[in-house]
Amino acid sequence: MNRFSALILAASLAGAANAWAEDAACSTVKLGDPGWSDIAVTNGIARFLLEGLGYQTQSQTLAVPIIFAGLQKGQIDVFLGNWMPAQQAHYDKFVASGELDLLAQNLDGTEYTLAVPAYAYDAGVKTFADLDAHGDQFDRKLYGIASGSPGNESIRQMITSD
């Protein structure tokens, strides 16, 4: 996250924190955490800001579909790690339907896709079309991320459709 995004996030959280302050039952802010390093940092910034405002915070490490369901049921207050288009189905189910609110987008222009080690790239794996021909560069294995991640479903669909 760049500094500008961090400032936008800080301002958003500060504004949201003031809204939560009206209800004593909201003194603990529950953050959804899918276990990704970038969200650990984002949640760390959120914890720092919220605790500085007098709130307690609690992070819950859960699979993305469970985080969305927790948001919908009020068991999770904030999820700062939605990646599009991989999580589009969750977004459509809860946010686009009006069950959850999207407060802000903190990154734009990023890509959610596969990556290979530099030695595989240098050997010719530059596009998905190169995977079959250079499969020996990565032992013909693809690794997903967290269990239940929509990214894993995307990988499964790519394999199925060759």
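Helices, here runs of at least four residues in DSSP state H or I, are numbered from the N terminus, as are the strands. In this predicted model, the secondary structure of the protein chain comprises six helices and three strands, and these elements follow one another from the N terminus in the order α-β-α-β-α-β-α-α-α. Of the 162 residues in the protein chain, 30% are buried. When contacts between residues at least 6 apart in sequence are considered, 61% of them join residues at least 24 apart.

The second largest pocket takes the largest share of its lining from helix α6, which spans residues 150-160 and supplies five residues. The volume of this second largest pocket is about 630 Å³. Its lining consists of 29 residues, and those nearest the centre of the pocket are Thr113, Leu114, Ala115, Tyr143 and Ile155. By residue class, the lining of the second largest pocket is made up of 19 nonpolar, six polar and four charged residues.

In soluble globular proteins, nonpolar side chains tend to be buried together. In the present model, the largest nonpolar core contains 12 residues, namely Trp36, Ile39, Val64, Ile67, Phe68, Leu71, Ile76, Phe79, Trp83, Phe94, Val95 and Leu100. Two elements, α3 (64-73) and α4 (88-95), each give two or more residues to this core, and the greatest contribution, four residues, is made by α3. Within the core, Ile67 is in contact with Gly32, Asp33, Pro34, Leu62, Ile76 and Phe79 when residues up to four places away in sequence are not counted. A second core, separate from this one, has seven residues, among them Ala46, Leu50, Tyr55 and Leu80.

The largest core also holds both Phe68 and Phe79, and the count of aromatic pairs in the model comes to one. The ring centres of Phe68 and Phe79 lie 5.7 Å apart and the ring planes meet at 80 degrees, so the arrangement is edge-to-face, given that planes over 60 degrees apart are assigned to that class. This pair links distant parts of the chain, with Phe68 located in helix α3 and Phe79, 11 residues away in sequence, located in strand β3 (residues 78-79). Both rings belong to buried residues: Phe68 has a relative accessibility of 3%, while Phe79 has a relative accessible area of 13%, and the limit for a buried residue is under 20%.

A further buried position is found in strand β2 (residues 56-61), which includes Thr57. The relative accessible area of Thr57 is 17%, and this residue is therefore buried. Beyond its neighbours within four places in sequence, Thr57 is in contact with Thr28, Val29, Arg47, Leu50 and Glu51. One of these partners, Arg47, is 10 residues from Thr57 along the chain, and the C-alpha atoms of the two residues are separated by 6.0 Å. Another of the partners, Leu50, is also listed among the residues of the second core.

Other positions show greater exposure under the categories applied here, in which a residue is exposed over 50% relative accessible area and partly exposed between the buried and exposed limits. Thr110, placed in the loop between α4 and α5, is partly exposed, with a relative accessible area of 44%. The C-alpha atom of Thr110 is separated by 9.2 Å from that of Met84, a residue 26 places away along the chain. Asp122 lies in helix α5 and is exposed, its relative accessible area being 62%. Asp122 and Gln137 are 15 residues apart in sequence, with a C-alpha to C-alpha separation of 9.9 Å.

The backbone geometry of one loop residue is also of note. Most residues other than glycine have a negative phi. Arg140, by contrast, has a positive phi of about 55 degrees although it is not a glycine. This residue is situated in the loop between α5 (118-122) and α6, and because its relative accessibility is 58%, Arg140 counts as exposed.

Technical notes: Residues are numbered from 1 along each chain as its sequence is written. This is a predicted model: local features need pLDDT of at least 70, side-chain atom pairs count only at pLDDT 80 or more; totals for chains, interfaces and linings use all residues. Side-chain values use heavy atoms; hydrogens and water are left out. A nonpolar core is a set of buried Ala, Val, Leu, Ile, Met, Phe, Trp, Tyr and Cys residues joined through side-chain atoms within 4.5 Å. Buried means under 20% relative accessible area, exposed over 50%, partly exposed in between (1.4 Å probe, protein chains only). Contact means heavy atoms within 4.5 Å. On a 1 Å grid over the protein atoms alone, a cavity is a set of points where a 1.4 Å probe fits but cannot get out, and a pocket is an open set with protein on both sides within 12 Å along at least five of seven lines; lining residues have an atom within 4 Å of a point. Grid points are joined across faces, edges and corners, and a volume is the space filled by probe spheres set on the points. Ala, Val, Leu, Ile, Met, Phe, Trp, Tyr, Cys and Pro count as nonpolar, Asp, Glu, Lys and Arg as charged, and the others, Gly among them, as polar. Rings of Phe, Tyr and Trp (its six-membered ring) pair if their centres lie within 6.5 Å; planes under 30 degrees apart count as stacked, over 60 as edge-to-face and the rest as tilted.
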